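Student: I should like to understand how the descriptive terms applied to a protein model are justified. May we go through them one at a time?

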Amino acid sequence: MILKSFYPFFIFVLSFLEVLFFLLIGGMILFKLFKNKIKNDVLDISEIKTLSKGLVNIKGKIKPINYIESPISERECIGYNYSNLSLSYDGRRGAKGVKRWRIYRTKSVSSDFYLQDKTGQIKVNAKNISIQINVNRSEKKLSRTLVDVESLLLEDGTEYILIGTVNVDKNGDMEIVKEKELIIMDVAFYKFVNVEIPSMKKKIRLFIIFLLLGLFIFVLHNFGLLK
């Protein structure tokens with residue numbers, strides 16, 4: 001009689017273990033697929049001496065060719081990113097929302113420069129470059145809700161990561177130019193964009209997939225389609 005009363009519980013446990021088994025197997029397969037996909041989406045960092053024509057990702061320190069003047073601090077620099085920020089509130093109209101600074105206009109300006117690592121250096125044609133850095137930062141408050149911000153490229157030993165296309169100039173020398181993209185980032189910002197954010201997104205995707213897969217298997221099992 002006692003065993004009979006526990007029979008539904010035993011059936012539930014066995015069903016749960018069976019679902020868990022399929023979920024783990026499916027999860028291992030999906031994790032491997034996502035891991036390979038994310039790994040393939042990130043361009044490997046190359047040494048300058050090994051570069052050939054095409055899209056590249058390199059890391060090094062910058063050396064100036066010419067200087068320009070920054071708009072806020074009026075400081076000599078190699079290049080700068082200049083942004084206009086506006087304070088806004090997340091939430092319904094009339095409700096107290098979360099304060100957030102939002103960029104409503106941004107521009108990058110730079111002179112040409114060299115990027116140097118331990119194996120050599122290469123010229124960067126900085127026309128239409130996108131400067132995405134969070135170093136050498138200055139602010140100018142315009143009002144309670146408006147702030148201008150600049151971040152400077154300086155020859156100060158900071159390591160940067162640059163993504164661009166290697167081409168050959170009219171003198172036969174290799175240089176990096178913009179074809180599809182030309183982006184320079186400080187190392188910390190690069191890691192945040194290409195490692196931390198994709199990792200968070202991957203974990204969220206895997207959690208949702210595991211949840212849906214477990215629910216799908218549980219429904220099929222309880223309707224007797226897996227028996």
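**Terms and their grounds**

Tutor: Let us begin with one residue: leaving out residues up to four places away in sequence, Tyr114 touches Lys61, Ile62, Lys63, Ile65, Gln121, Ile122 and Lys123. Please bear in mind that the model is predicted.

Student: What makes Lys61 a residue that Tyr114 touches?

Tutor: Contact requires heavy atoms within 4.5 Å. Lys61 is listed among the residues that Tyr114 touches, so the pair satisfies that limit.

Student: Where is Tyr114 found, and why is Tyr114 called partly exposed?

Tutor: Tyr114 is found in strand 6. Its relative accessible area is 28%. Buried means under 20% and exposed means over 50%; the value for Tyr114 lies in between, and therefore Tyr114 is partly exposed. In addition, the C-alpha atoms of Tyr114 and Gly60 are 9.5 Å apart, and the two residues are 54 residues apart in sequence.

Student: How do you know that strand 6 and strand 7 pair?

Tutor: Pairing requires at least two bridges between two strands. Strand 6 (residues 113-117) and strand 7 (residues 120-124) have five bridges in the antiparallel sense, so the requirement is met. One of the partnerships is that of Asp117 with Gly120 in strand 7. A hairpin of two residues joins strand 6 to strand 7.

Student: What makes strand 7 and strand 12 a pair?

Tutor: The same test applies. Strand 7 and strand 12 (residues 174-177) share two bridges in the parallel sense. The rule asks for at least two, and therefore these strands pair. Val124 has Ile176 of strand 12 as its bridge partner.

Student: Which way do strand 11 and strand 12 run, and how many bridges join them?

Tutor: Strand 11 and strand 12 run antiparallel and are joined by four bridges. The bridge partner of Val168 in strand 12 is Met174. Five residues lie between the strands in this hairpin, where Gly172 takes a positive phi near 85 degrees.

Student: Which residues have the most contacts inside the largest nonpolar core?

Tutor: They are Phe113, Leu162, Ile176 and Ile184, in a core of 22 residues. Strand 1 (54-64), strand 6, strand 7 and strand 11 (159-168) each supply at least two residues of this core.

Student: What makes Phe113 eligible for a nonpolar core?

Tutor: Membership is restricted to buried residues of certain nonpolar types, Phe among them, joined through side-chain atoms within 4.5 Å. Phe113 belongs to the core, so Phe113 must be buried, with a relative accessible area under 20%. Beyond four places in sequence, Phe113 touches residues including Ile62, Ile78, Ile122, Val124, Leu162 and Ile184.

Student: How do you know that Glu139 and Arg137 form a salt bridge?

Tutor: The limit is 4 Å from a side-chain nitrogen of Lys or Arg to a carboxyl oxygen of Asp or Glu. For Glu139 and Arg137 the N to O distance is 3.4 Å, so the pair qualifies. The count by this rule comes to one salt bridge. Side chains of opposite charge can pair when their charged atoms come close.

Student: Why is Glu139 called exposed and Arg137 partly exposed?

Tutor: Glu139 has a relative accessible area of 52%, and exposed means over 50%; Glu139 is therefore exposed. Arg137 has 43% relative accessibility, which lies between 20% and 50%, so Arg137 is partly exposed.

Student: What phi values do Glu74 and Asn136 have?

Tutor: Neither is a glycine, yet Glu74 has a positive phi of about 55 degrees and Asn136 has a positive phi of about 50 degrees. Glu74 lies in the loop between strand 2 and strand 3 (76-77), while Asn136 lies in the loop between strand 8 (130-132) and strand 9 (137-141).

Student: Why are Glu74 and Asn136 placed in their classes of exposure?

Tutor: Glu74, at 56%, is over 50% and therefore exposed. Asn136, at 24%, is not under 20% and not over 50%, so Asn136 is partly exposed.

Methods:
Residues numbered from 1 in each chain as written. Predicted model: local features only at pLDDT ≥ 70, side-chain atom pairs only at ≥ 80, totals over all residues. Heavy atoms only, no water. Buried < 20%, exposed > 50% of the residue type's maximum accessible area, 1.4 Å probe, protein only.
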